Amino acid sequence: MDVVREFLRGAVPAHVLHHAAGQEVYGAWMAEELAHHGYRISPGTLYPLLHRMETAGLLTSREHVVDGRVRRVYTATETGRDTLAQLRTVVAEVAGEVLVHDE
């Protein structure tokens, strides 16, 4: 098992929430943004994740027409922003523990 890959996979929803809390995001942009951070995620993985996050009440979406094509854009809901705040607390705590080197 590749532990780093598993950790990154678990961090993807937090990354999505982070961006969706600040702006509207859409699948292709999100995939590109995630790739900049080392996440190689296929559309067959990303779009079901976005749908699950919407079903869970973390995201909301709407259709938006761009250059004659329909694009689904996502934003974080209040629940999603609250969840992101909780995730930030947990990540800060874990990072504080992991980054401290007791010699």
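In the next few minutes I will walk through the overall build of this protein chain and then turn to one of its residues.

Please keep in mind throughout that what we have here is a predicted model. Let me begin with the elements, of which the protein chain has 4 helices and 3 strands, and if you follow the protein chain from the N terminus on, these elements run in the order α-β-α-α-β-β-α.

As for its dimensions, the C-alpha trace spans about 60 × 30 × 20 Å along its principal axes. Of the 103 residues in the protein chain, 26% are buried, and the area that the protein chain exposes comes to about 7,200 Å², with carbon and sulfur atoms supplying 55% of that area.

We can also ask how the protein chain meets itself: if we take the contacts between residues at least 6 apart in sequence, then 47% of these contacts join residues that are at least 24 apart. Turning to charge, the protein chain carries 10 positive and 14 negative charges, and the mean positions of these two groups are 10 Å apart.

Now to the residue I promised, which is V91, and which you will find in helix α4, the helix made up of residues 78–99. Is V91 buried or exposed? Its relative accessibility is 53%, and because exposed means over 50%, V91 counts as exposed. V91 also lets us set sequence beside space, since V91 and A11 are 80 residues apart in sequence, while their C-alpha atoms are 9.8 Å apart in space.

Note on methods:
Residues numbered from 1 in each chain as written. Predicted model: local features only at pLDDT ≥ 70, side-chain atom pairs only at ≥ 80, totals over all residues. Heavy atoms only, no water. Helix = DSSP H or I, 4+ residues; strand = E, 2+ residues; numbered from the N terminus. Buried < 20%, exposed > 50% of the residue type's maximum accessible area, 1.4 Å probe, protein only. Contact = heavy atoms within 4.5 Å. Areas by Shrake-Rupley, 256 points an atom, 1.4 Å probe, with all protein chains shown as cover. Lys, Arg positive; Asp, Glu negative; His and termini not counted. Charge placed at Lys NZ, Arg CZ, Asp CG, Glu CD.
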